[in-house]
Amino acid sequence: MSNGAGNRQNEPFARIVKRAELSTGRIVLLRLAAVALSLIAGGVFIACVGQNPFVIYGTIISGAVRSVMAFQGTVKVMIPLLVTSLGVTLAFKMKFWNIGGEGQIIFGATCATFFALFCSGMNHVLLIIIMFLAGFIGGGLWGLLPAIFKVKYNTNETLFTLMLNYIALHIVSYLRDGPWMDPGSQGFPKIARFDKNASLDKLFGIQFGWLIALILVVVIFVYIKYTKQGYEISVVGESQDTARYAGMNVKKIVLRTMFLSGGICGMAGMLQATGSDITLTTSVAGGVGFTAIIIAWLAQLNPFSILLVSFLFSVLEKGSSVVQSNYGLSTDCADVLQGIILFFILGCEFFIRYRFLFRKKTTEVDREGAK
């Protein structure tokens, strides 16, 4: 008895243990509770800066969907978020931590920009196809580089992909300030706007990247769930030793999947540069690569859930910009509000998987026994 009491006294006050699998109903309730708490906490913050929380929340929603033009703006924000989230999902399914979506977007956009600037005279349809391929291959090669080092030297893919983001960014800065600087900019460092022939056409008033993004949702879902390659990705993600025992070529699977992951992110860069920005800038990624990581995990790496979560994020981002302009709130306030909401939603995912176990209170009998 003394040993039991002594052991309890040596235990930490609280520890984290893995939770038994919860039912779907309880998971849904937890997530709804997280959303409700995030809105309450966000409302407290809004009240602290002197605004009415109900008015601000109403403005966020109406600002994103109140008119055709507003909805088009929301979809425009959503396109790169959705495509990049689908791209990193492939790598995450394999448990290859691709934090380089930002760099893959940038490099894909850079490769597509070469053809937009120097081949704008060719047939429009052919040029768009070539730019798509350039964006995909450019992003794919940028994703393939850390995969090669991973399978050959077992390098840390998180750091490697993260560092490549900054290299890609500085490549654009070099091109903007040097070889690709707009000769008509009077010394101001910028890359020229693309010719109309090198810009994406619009469908229902929005660059048709939204249609490509929707097609990708279905393609990625089928690829992951119903193809041999998708099954191999899942097995490698669960256990590389099991994959090898089953006769799978793990190195080949890692290289192939990272090329596809980076390629899809590079496609997002091409869509952004040629469909929305109509030029190449250092802000072509604009943090999308990092936000896509959050979206992919919140959606549990499910392509159709990614579609929904991407839309909600886009509503929040577009609506927040309307709040800034209508109520004079700084961009920092909008970022804080987004951060509060994300904190609660991401925290919910922790409690779905884990729980805190507290040390039992020592009774008088235990103390007597310990003596």
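This report describes the nonpolar cores and the aromatic pairs of a predicted model.

Residues are numbered from 1 along each chain as its sequence is written. Local features need pLDDT of at least 70 and side-chain atom pairs count only at pLDDT 80 or more, while totals for chains, interfaces and linings use all residues, and side-chain values use heavy atoms, without hydrogens and water.

The largest nonpolar core (buried Ala, Val, Leu, Ile, Met, Phe, Trp, Tyr and Cys residues joined through side-chain atoms within 4.5 Å) has 77 residues, and those with the most contacts inside it are Met 94, Met 131, Phe 132 and Leu 271. A second, separate core of 10 residues includes Ile 46, Tyr 57, Leu 329 and Ile 341.

Rings of Phe, Tyr and Trp (its six-membered ring) pair if their centres lie within 6.5 Å, with planes under 30 degrees apart counted as stacked, over 60 as edge-to-face and the rest as tilted; by this rule there are 17 aromatic pairs. Two of them are set out here.

| Pair | Centre distance | Plane angle | Class |
|---|---|---|---|
| Phe 92 and Trp 297 | 5.6 Å | 25° | stacked |
| Phe 114 and Trp 180 | 6.5 Å | 40° | tilted |

Phe 92 belongs to helix H4 (residues 68–93) and Trp 297 to helix H12 (residues 288–298), so their pair ties together parts 205 residues apart in sequence; helices are DSSP runs (H or I, at least four residues) numbered from the N terminus. Buried means under 20% relative accessible area, exposed over 50% and partly exposed in between (1.4 Å probe, protein chains only), so Phe 92 at 2% counts as buried, whereas Trp 297 at 34% is partly exposed. In the tilted pair, Phe 114 is partly exposed at 38% and Trp 180 is buried at 13%. Phe 114, Phe 115, Phe 118 and Trp 180 form one aromatic cluster.

Technical notes: Helix = DSSP H or I, 4+ residues; strand = E, 2+ residues; numbered from the N terminus.
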